[in-house]
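Visitor: I would like to go through the charged side chains of this model. Please show it first.

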Amino acid sequence: KEQWPSAQRSFINATAREAGVLRLVELSSPVVEAGVYDAKGGSVLALANFTYVPIPDLAIRLPVRRAPANVRSMEQGALPFTVEKASRALRDEGFTHVVVCRLALGLNDLVVFETESRS
């Protein structure tokens with residue numbers, strides 16, 4: 001049984017935090033692995049829940065280079081979302097917006113941020 005106590009997570013992440021490394025994505029729950037994959041038509045956020053307990057309301061904040069037209073979960077379908085202007089630090093890295101959405105997360109999901117509407 002895996003355990004990821006707060007003190008150990010903080011120690012592991014300390015170097016990146018102290019160096020001011022920007023996060024690829026912000027999630028409201030710890031111990032959820034996230035991978036961001038960009039393509040011409042948008043981005044995909046791969047989520048793996050290593051708490052092994054469903055998270056009923058996971059908040060996601062994803063910096064993007066182009067605002068999406070649609071956001072959808074492979075498990076739940078279309079997701080409501082909002083788009084905010086990126087902070088100066090994110091804009092300096094080429095990100096123009098931050099997409100904010102929520103979903104219920106079981107063990108894993110893929111969230112697709114489409115920059116163009118599908119016909």
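Visitor: Is E114 buried or exposed?

Guide: This is a predicted model, and E114 is found in its strand β9. The cut-off for buried is under 20% relative accessible area. E114 has a relative accessible area of 8%, so the residue counts as buried.

Visitor: Which residues does E114 touch, not counting residues up to four places away in sequence?

Guide: One of them is R72, whose side chain is joined to that of E114 by a polar contact of 3.2 Å. With sequence neighbours up to four places away left out, the residues touched by E114 are G41, P68, A69, N70 and R72.

Visitor: With which residue does R72 form a salt bridge?

Guide: R72 is in strand β5 (residues 70-73), and the other member of the pair is in strand β9 (residues 108-114). The two are 42 residues apart, so far as the chain is concerned a link between distant parts. R72 is partly exposed, at a relative accessible area of 23%. The closest N and O atoms are 3.2 Å apart, and the partner is E114.

Visitor: How many salt bridges does a search of the whole structure find?

Guide: One is the pair of R72 and E114. Another is formed by D57 with R102, and E84 and R61 meet in one as well. The search of the whole structure gives a total of 3.

Visitor: How many residues apart are D57 and R102?

Guide: The closest N and O atoms of this salt bridge are 3.0 Å apart. D57 belongs to strand β4 (residues 55-64) and R102 to strand β8 (residues 97-105), and the pair links distant parts of the chain. Their separation is 45 residues.

Visitor: What is the relative accessible area of R102?

Guide: Buried would require a value under 20% and exposed one over 50%. D57, the salt-bridge partner of R102, has 40% and is partly exposed. R102 is partly exposed too, and its relative accessible area is 45%.

Visitor: Which parts does the pair of E84 and R61 tie together?

Guide: The side chains of E84 and R61 meet in a salt bridge of 3.0 Å, N to O. E84 is partly exposed at 33% relative accessibility, and R61 is partly exposed at 31%. The two residues are 23 apart in sequence, and the parts tied together are strand β7 (residues 81-85), which holds E84, and, for R61, strand β4.

Technical notes:
Residues numbered from 1 in each chain as written. Predicted model: local features only at pLDDT ≥ 70, side-chain atom pairs only at ≥ 80, totals over all residues. Heavy atoms only, no water. Salt bridge = Lys/Arg side-chain N within 4 Å of Asp/Glu carboxyl O. Helix = DSSP H or I, 4+ residues; strand = E, 2+ residues; numbered from the N terminus. Buried < 20%, exposed > 50% of the residue type's maximum accessible area, 1.4 Å probe, protein only. Polar contact = N/O pair within 3.5 Å; in protein donor to acceptor, adjacent residues only side chain to side chain. Contact = heavy atoms within 4.5 Å.
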